[in-house]
Amino acid sequence: MIFSDVFTEIAVLLLISAVAGALGLWLKQPLIVSFIAAGIIMGPSVLGMVSANDQVGLLAGLGISLLLFVVGLKLDLHIIRAFGPVALATGLGQVFFTSVVGFFLALALGMAVVPAIYVAVALTFSSTIIIVKLLSDKKETDTLHGRIAIGFLIVQDIVVVLVMIGLTAMGSAGDTASLGAQALAVLGKGAAFIAVLAALMKWVLTPLLRRLGRSRELLVLSAVAWAVTLSAAAHHLGFSKEVGAFLAGVSIASTPYREVIGSRLVSLRDFLLLFFFIDLGAHLDLGAMTGQVLPALALSVFVLVGNPLIVMVIMGAMGYRKRTGFLAGLTVAQISEFSLILGALGMRLGHLDAGVMGVITLVGLITISLSTYMILYSGPLYERLEPWLRIFERKNPGREANHPDTKPNARPVDVIVFGLGRYGMALVRELESRDLHVMGVDSDPGLLRGFTHEGMETVYGDAEDPGFLASLPLDEARWVVNSIRDKHVNQILLHGLEDCGYRGCIAVTANSDHESASLREMGAHLALTPFADAAADAVRQLLALPTNVSENPTPTASA
């Protein structure tokens with residue numbers, strides 16, 4: 001089916017993808033599975049609807065760059081420091097075990113050495129996006145197993161970038177003899193690239209972002225431009241575009257604007273990644289894939305069973321309880337979107353053919369689908385398997401009793417105040433005078449810098465950004481207060497806090513009694529009306545004055 005113009009074709013692709021996504025959501029499947037299936041249906045093997053390959057490929061490339069950019073942007077080294085031993089041991093241990101065993105398993109299935117290497121490495125990576133989403137839906141991101149899982153997923157993300165650099169060097173080398181020289185050249189260019197980036201991080205990026213932060217739209221646009229620019233620069237230096245995008249994210253991960261940029265880019269990233277999965281599915285040959293079902297099933301069983309087992313073995317040896325090891329182990333029972341990107345890179349470099357890519361994709365579809373249910377129903381699954389899991393626990397598992405806290409602040413946040421204008425700052429001063437720990441949120445970087453110098457804890461952010469709310473310590477705060485007198489902002493904030501599962505009290509600032517009543521119906525526990533409250537207080541003070549003026553001496557000019 002050929003359309004008359006590209007716009008109509010893209011519109012139909014989006015419509016079919018939306019229908020497939022809705023069906024996948026009903027079946028409790030991640031959107032990745034739905035979008036790949038939609039790509040297969042729209043590809044040449046079924047309907048043959050995809051003809052705008054260049055346009056779809058361009059959008060797919062932008063999506064991959066933004067994915068790596070957000071991964072770098074959210075690279076939380078604090079979690080690695082807090083959970084360093086277990087994150088590194090489980091992350092690197094699982095990568096080593098899966099890649100070695102996977103390599104020999106791929107050879108046993110009849111693959112050549114280079115494709116076997118790609119398949120083995122592809123089996124090692126788990127989907128950070130899917131796991132964090134599932135853990136968030138189950139409210140388990142702050143549990144011990146959730147934090148450990150996020151820690152070793154970060155380790156995996158770092159490893160996959162290093163692997164991409166190595167494979168790019170292999171692809172650039174003409175033969176084995178030149179591989180060493182090519183590797184040295186890649187290291188030299190990489191060191192120079194990182195040195196320039198470090199200089200920009202120290203002297204340029206932070207003050208520049210502070211100026212750009214005065215306009216949230218310009219800040220996000222500049223972040224996208226930075227990600228794509230470094231992707232192009234890395235490509236011209238002989239690296240993959242993905243490496244450049246990752247480093248672009250890392251370069252601004254230490255700035256106060258990482259959460260706002262990251263939360264605002266998530267929707268754009270997911271939209272553009274849709275085209276990567278459509279492009280991937282559209283290029284799969286169902287005829288070739290049918291002959292790869294048995295190898296894919298064998299490798300899928302290995303991922304679904306072997307990966308969780310090695311995590312449980314490592315965590316059990318380190319003194320964690322079997323339940324913690326089991327729940328953390330389930331998070332690595334699938335391969336990730338990075339595995340598919342890695343396979344696409346191998347095809348681009350000429351290392352893989354469509355058959356091997358079909359195996360990787362089938363393993364992805366099988367493991368992502370099944371592991372989703374395993375994580376969603378991890379509690380009942382653990383209860384059934386608990387008698388057989390005792391071998392993964394020491395007799396005296398004491399590691400969890402003295403585990404370090406991942407929170408950087410020793411004192412929890414009592415109140416989060418949005419808007420640090422005159423009224424908001426007056427609220428903060430009054431709350432702090434009552435020995436409450438207050439976190440202030442505002443979108444004016446100049447204003448925040450002044451308060452930070454005073455020792456106040458501040459965050460650059462926006463009450464209208466639901467994605468940003470999830471990054472705040474809502475589990476600690478007893479109150480969330482919005483000092484901004486804007487009904488629309490209040491409504492978005494109330495909906496966002498409800499979506500985040502916030503259980504504390506919420507105070508908003510309204511313009512009238514009618515607006516206050518409406519906001520209380522939406523879930524606000526208190527609606528402040530500054531002018532009405534100030535007028536009522538002023539009347540109380542007036543009425544407290546003596547009725548006979550002569551009883552109160554007239555103040556002198558000096559008073």
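**Close-up views of a predicted model**

**View 1. A nonpolar patch on the surface draws on two helices.** Helix 5 (84-108) and helix 6 (113-122) each supply at least two residues of the nonpolar patch, where helices are DSSP runs of H or I with at least four residues, numbered from the N terminus. The patch consists of F96, V100, V101, F104, L107, V113, V114 and I117, which together have about 660 Å² of accessible area, and its largest share, five residues, comes from helix 5. Patches are made of residues with over 30% relative accessible area and no salt bridge (a side-chain nitrogen of Lys or Arg within 4 Å of a carboxyl oxygen of Asp or Glu), with nonpolar side chains joined within 5 Å, and accessible areas come from the Shrake-Rupley method with a 1.4 Å probe. This is a predicted model, in which local features need pLDDT of at least 70 and side-chain atom pairs count only at pLDDT 80 or more, while totals for chains, interfaces and linings use all residues. Residues are numbered from 1 along each chain as its sequence is written, and side-chain values use heavy atoms, leaving out hydrogens and water.

**View 2. F96 lies in helix 5****.** F96 counts as exposed because its relative accessibility is 58%, and exposed means over 50%, buried under 20%, and partly exposed in between.

**View 3. G329 lies in helix 15 (residues 322-330)****.** With a relative accessible area of 0%, G329 is buried. Leaving aside residues up to four places away in sequence, G329 touches P308 and V311, a contact being heavy atoms within 4.5 Å. The C-alpha atoms of G329 and L309 are separated by 6.9 Å, although these residues are 20 residues apart along the chain.

Conventions: Buried means under 20% relative accessible area, exposed over 50%, partly exposed in between (1.4 Å probe, protein chains only). Patches are made of residues with over 30% relative accessible area and no salt bridge: like charges are joined within 9 Å, nonpolar side chains (Val, Leu, Ile, Met, Phe, Trp, Tyr) within 5 Å.
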